[in-house]
Amino acid sequence: MATAKLKKWAVRRIRFYKDKYIFKLKRYTIAVLSSDKSDVSIAFSYAFGTMIALLPTPGFSTAIGIGFMTIFKQLNKMAVLLSMMVWNAITIIPIFWLSYKIGSSISNTLPDVEVQNETVRQVLLFFKQFALGNLALTIPISIGSYFLAILLLQLARRMRLRKTEFRKRESA
């Protein structure tokens, strides 16, 4: 009896957070599309937010993004927040795993750090592998997200222009 209640409660909670996430995602997307900034500025802001979200600062990426948004006023705030919503904890886990795999293949050619303590040596080796792989993934993904954002923004603006032209023809 208690497990059925717990299951219903868990399903309701998951649905609530899923709906809340989708609502925020839609709100940020609409704010980005209705922005008066240029496509290049919005795409750069999205790529910058992607880069910050993919860097290995779990839990702090949003704070870092907000800090950069306060320093650099030309960043589109909604585009940065949208990219951080897209690169959430669920999508970041495979990226971190792939970062380690790529970094371990890259770091095989680099010399190891000479340290007396074996535990410290292992931690430094893991960090080196992870950091190299993360940089190797973050930079191309950020560049790709820039071009993808440009493409999607231009497509959305064309669709909106067609819709307004169609409405004008309908009302005339």
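The expected span of a helix is 1.5 Å times one less than its number of residues, and this is the rule applied to helix H2 in the second legend below, the structure shown being a predicted model.

**Figure 1. Overall view of the predicted protein chain, which is built from helices without strands.** The secondary structure of the protein chain comes to six helices and zero strands, so that, from the N terminus on, the order of elements reads α-α-α-α-α-α. The radius of gyration of the protein chain is 21 Å, well over the 16 Å that the globule rule gives for 172 residues, and the chain is therefore more spread out than a compact globule. Taken along the principal axes, the box filled by the C-alpha atoms is roughly 80 × 55 × 30 Å. Buried residues make up 28% of the 172 residues, and the accessible surface comes to about 12000 Å², with 71% of it belonging to carbon and sulfur atoms. Among the contacts with a separation of 6 or more, 79% are accounted for by residues 24 or more positions apart. The chain carries 25 positive and 8 negative side chains, and the centres of these two sets lie 13 Å apart.

**Figure 2. Close-up of helix H2, residues 39-54.** At 1.5 Å a residue, the 16 residues of H2 should span 22 Å, and the C-alpha atoms at its ends are 22 Å apart, in agreement with that expectation. Of these 16 residues, 13 are buried, so H2 is largely enclosed by the rest of the structure; buried here means under 20% relative accessible area.

**Figure 3. Close-up of Lys37, in the loop between helix H1 (2-33) and H2.** With a relative accessibility of 29%, Lys37 counts as partly exposed. When its neighbours within four places in sequence are left aside, Lys37 is in contact with Ile42, Lys73, Gln74, Leu75, Asn76 and Arg157. Thr62, by comparison, is 25 residues from Lys37 in sequence and 22 Å from it in space, C-alpha to C-alpha.

**Figure 4. Close-up of Ser61, in helix H3 (residues 61-71).** Ser61 has a relative accessible area of 14% and is buried. Not counting residues up to four places away in sequence, Ser61 touches Ile52, Ala53 and Met84.

**Figure 5. Close-up of Leu81, in helix H4 (residues 77-86).** Leu81 counts as buried at 19% relative accessibility, a value to be read against the limit of under 20% for buried residues. Leaving aside neighbours within four places in sequence, Leu81 is in contact with Tyr28 and Met69. Between Leu81 and Gln154, which are 73 residues apart in sequence, the C-alpha to C-alpha distance is 20 Å.

**Figure 6. Close-up of Ser107, in the loop between helix H5 (89-106) and helix H6 (118-171).** Although Ser107 is placed in a loop, its relative accessibility is 3%, and Ser107 counts as buried. Its contacts, not counting residues up to four places away in sequence, are with Lys128, Gln129 and Leu132. The C-alpha atoms of Ser107 and Arg167, which are 60 residues apart along the chain, are separated by 58 Å.

Terms used: Residues are numbered from 1 along each chain as its sequence is written. This is a predicted model: local features need pLDDT of at least 70, side-chain atom pairs count only at pLDDT 80 or more; totals for chains, interfaces and linings use all residues. Side-chain values use heavy atoms; hydrogens and water are left out. Helices (H or I, at least four residues) and strands (E, at least two) are DSSP runs, numbered from the N terminus. Buried means under 20% relative accessible area, exposed over 50%, partly exposed in between (1.4 Å probe, protein chains only). The radius of gyration is taken over C-alpha atoms; the globule rule is 2.2 Å times the number of residues to the power 0.38. Contact means heavy atoms within 4.5 Å. Accessible areas come from the Shrake-Rupley method with a 1.4 Å probe; for residues, only the protein chains shown count as cover. Lys and Arg count as positive and Asp and Glu as negative; His and the chain ends are not counted. The place of a charge is taken as NZ of Lys, CZ of Arg, CG of Asp or CD of Glu.
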